[in-house]
Structures are given as structure tokens and as C-alpha cells.
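I opened the notebook today to look at the ligand site and the inner spaces of this protein. Here is the entry, with the structure pasted in for you to follow along.

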Amino acid sequence: MRTVYVDNNATTQVAPEVFEVMKPFFHDLYGNPSSMHFKGGEVQKTSVEAREKVADLIGASPDEIVFTSCGTEGDNAAIRGTLENYPGKRHIISTRVEHPAVWTLCKYLEKRGYRVTMLSVDREGRLDLDELRAAISDNTALVSIMYANNETGVTFPIEEIGQIVKSRGIPFHTDGVQAVGKIPLDMKRITVDMLSFSGHKVHAPKGIGVLYIRRGTKFSPLLIGGHQEKGRRGGTENIPYIVGLGKACQLAARHLEEENNRVRFMRDKLEQGLLERIPDTLVNGDREHRLPNTVSLSFEYVEGESILLLLSNLGICASSGSACTSGSLEPSHVLRAMGIPFTAAHGSIRFSLSIYNTEEDIDYILEQLPPIIEKLRDISPFWRDYIKASSKQ
Ligand code: PLP
């Protein structure tokens, strides 16, 4: 069966070049970089090079890069590592559309006495920066706002947000997990104190991530132990994965242009083609300020999960906007925050492309998906009539 993988915001295929450079570090090059002997030295050298490649991708200095295990760890380390430095301040500002790595942590902190302002978004998933300005107070310890949304691909104006936050002298963290490798980022140009990202979203393996910490930022480590990562994260370094991430970041820098041209073209072709072929289809999110690889579409009157299963039977891997957890089919908090109607949020599907997709993949989806939606709508005509009738009341 043909496989068409368009779920790259969930995870990506490890690039063959990445896998290749990692291999020796599982047998010959097994030293601990902290060891004094030559076995330590030979891996130490490669980890320095990898750190430089990672730093280059985001315009940072190598000493501002801290390797973590994943995006979630980076987000947790940034938020908790900042709060610890401002014990007198008990207010956090974030948004209603963050990934659970930030969102659930904010809810957890709320239960422990922090006041959390979750900024709202409009129907297009955009923030109102006046709401941010009004929310900042002398008690604000941290602002954490994502760079790009994982479900809709909508990007926030991080440069402008950084200026607002820094003009009030407040630490600013951004979850860059979906942005890094897809759009150009330059830490020298934007006023961000901390940025987290994850290897498995940029064609490196799962189990490696990065927290960028601008020089001079007050930070306390989440993992307290050895002196690794200049005391900012204890634990023996995951050298094979660090080397793999270095390679992935080098490749991502080379592919940024392709990501913004060929991948964007394929995404637009898919979006346009589906809008033309399938009636009652909506695009979720601001089409102007969006990652080049992502489109979230709502097919009214059908269940996203049914679409996904039928697509999967045909070898197409996408994802839905509803969190099918604990038996409930609640639409995602992101689409709810955007005020997407219930009927549309339920039938939402996210397609997220990568440089490994081809136009044939897009043609295959354009051929296979319209009959799936038609079939699903045909078998639930009463539901469709009911929804239509009730929306007229
Ligand atoms: N933040 C965003 C925006 C994400 O999309 C994800 C993963 O999907 C994460 C954080 C968590 O990253 P990880 O899976 O590496 O922990």
C-alpha cells in the first residue's frame, strides 16, 4: 500500500543523513564526554560541533544552547526555572491555544497559587496585543507564548510580543517546537529570553530537544545533578542524539528555502484542491500568518476520527483536531478557543507536510478524500439535516 505521511507536526521521519551520522556513537564512539581519556575527547569534539550547528539554525551562540530530552522538558524547564528566580511574583501570562506542555503546566501552577492569564484568540487564531499589554502587571513573573500553533500552524508576532514584554522588564519564553526548521528564526533579532524546541519535529529522533537560554537570563535547572550543560541540566549527555540533532539542524537550515517554496506550494495546492472539491469545508486559522507546511480544515457534518480511519486504510496519515480522550470526542481546546462551531470543530483534520512529500502525495489525497467525505455525509443524512435545521433556529 502507498504511504502518504502528512502528519509531520506530530513527528517526522528521521533523515537518512541524520541516522548515518549517529551510528558510530552506538558502538565505537561510546565515551562519556566528561572523561579525561581519549574516548571522552573524541565524543566531546563532535558534541561541540553539533552544538554549533544547532546554534546556527536559530542565530544563537553555542553557549546559549542547553540540550534537553524533548520539547516538553524545554517548556517545563523554562517556565519552572524562571519562576524559581522570582519567588515574590505570582502571575504568569500565556495563551488559550498553547500545547499541553505549557497549557497543562500553567493549569498545574494555577492550583499551586499562581494567577495565570490565558490570552484569548479570535476566530482566525490571532492574539490581541492590547490584551497582552493590559494583562502585564508588576506581579508578572513570566510571559510564555508559543511561536507557532501545532494544530492550525498560525504564527504569533513574537518579535512585537518580545518588545512589549521586555519593555516591562519581564522574562519571555516562547515554545518554538513547531516553528524551528520551518521558518527562519534569528535570536539576535528577536527579544526572546528562552526558546524551546524538539528534535523529532525536525527529522532528528525522538528523545532530544533544546532550550535556548539567552546569555544573562536568570535560570535554575529542572534537573539538578552534575555540571553538564554548564550546570543548566544535570545528566550525562545523550551524545548520539545530540550529534543527530546537530545534523538535522544543519539540514533544516539548508532546506528552509525549500520549506517556504515547494512545501508551501504543495500545502496550498492541497488546501485549494480540497476547498474546490468538497463543499462545506472551512480553513481554520489565519492563512496569512501560518507555517508553510500546515493546514487545518473542517469538513462540516462529519467526524474527524472517521475521516482519519478511512484515510489510514488508504495509507494516508493525517491527524484530527479533537482529542479523543477518555471516551469523549471533545473538540480540541485550540479550535474551541477560536470559537469554531461545534459541527465544524468535530470534523477537523490537520495536514502537515515535510520536504519528503511529493506532488503525487497531494494528488493522491485530492483523489481519495472527497469520496470519503461524501460517503460519510451520505450515511448520516439525518444528522446533517438536524444540524442544518438547528442552526437556523
Ligand atoms: N510544543 C508544541 C507546540 C508541540 O507541538 C509539541 C509536540 O507536539 C510539544 C511542545 C512537545 O514536544 P515533545 O513531544 O518533544 O515533548
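Which atom of the ligand is 2.8 Å from an N or O atom in the side chain of Q178? I looked this up, and the atom is an oxygen of the ligand. A note to keep in mind for every entry here: this is a predicted model.

**Entry 1: the ligand**

I stayed with the ligand and first checked how much of its surface is covered. On its own the ligand has 390 Å² of accessible area, and the protein covers 89% of that.

Next I went through the other polar contacts. At G71 the partner is a polar backbone atom, with a ligand oxygen 2.8 Å away. At D175 I found a polar side-chain atom 2.6 Å from a nitrogen atom of the ligand.

Then I looked at the whole shell. The ligand is surrounded by 14 residues, and the closest are T72, D175, Q178, S198 and K201. D175 and Q178 are thus names I meet twice: they are in that closest set, D175 has its side chain by a ligand nitrogen, and Q178 has its side chain by a ligand oxygen.

I also sorted the shell by class: seven residues are polar, four are nonpolar and three are charged. Among the elements, α3 gives the most to this shell, with three residues.

**Entry 2: the largest cavity**

I moved on to the enclosed spaces. I found two cavities of 30 Å³ or more.

The largest cavity holds about 180 Å³ of space. I counted 18 residues in its lining, and those nearest the centre are G181, V202, H203, A252 and E259. By class, the lining of the largest cavity has eight nonpolar, seven polar and three charged residues.

Where does that lining come from? Domain 1 (4–10 + 256–392) and domain 2 (16–252) each give at least three residues to the lining of the largest cavity.

**Entry 3: the second largest cavity**

The second largest cavity has a volume of about 40 Å³. Its lining is a list I could write down in full: V66, T68, E73, A77, L211, F219, L222, L223, R232 and R233. Two elements, β2 (65–68) and α3 (71–83), give two or more residues to this lining.

I was pleased to see α3 come up again: α3 helps line the second largest cavity, and α3 also gives three residues to the shell around the ligand.

Last, I sorted the lining of the second largest cavity by class, and got six nonpolar residues, three charged and one polar.

Key
Residues numbered from 1 in each chain as written. Predicted model: local features only at pLDDT ≥ 70, side-chain atom pairs only at ≥ 80, totals over all residues. Heavy atoms only, no water. 1 Å grid on protein atoms, 1.4 Å probe; cavity = no way out; pocket = protein on both sides within 12 Å on 5 of 7 lines; lining within 4 Å. Points joined across faces, edges and corners; volume = space filled by probe spheres on them. Nonpolar A, V, L, I, M, F, W, Y, C, P; charged D, E, K, R; others polar. Domains from an automatic or database assignment. Helix = DSSP H or I, 4+ residues; strand = E, 2+ residues; numbered from the N terminus. Near = heavy atom within 4 Å. Polar contact = N/O pair within 3.5 Å; in protein donor to acceptor, adjacent residues only side chain to side chain. Areas by Shrake-Rupley, 256 points an atom, 1.4 Å probe, with all protein chains shown as cover.
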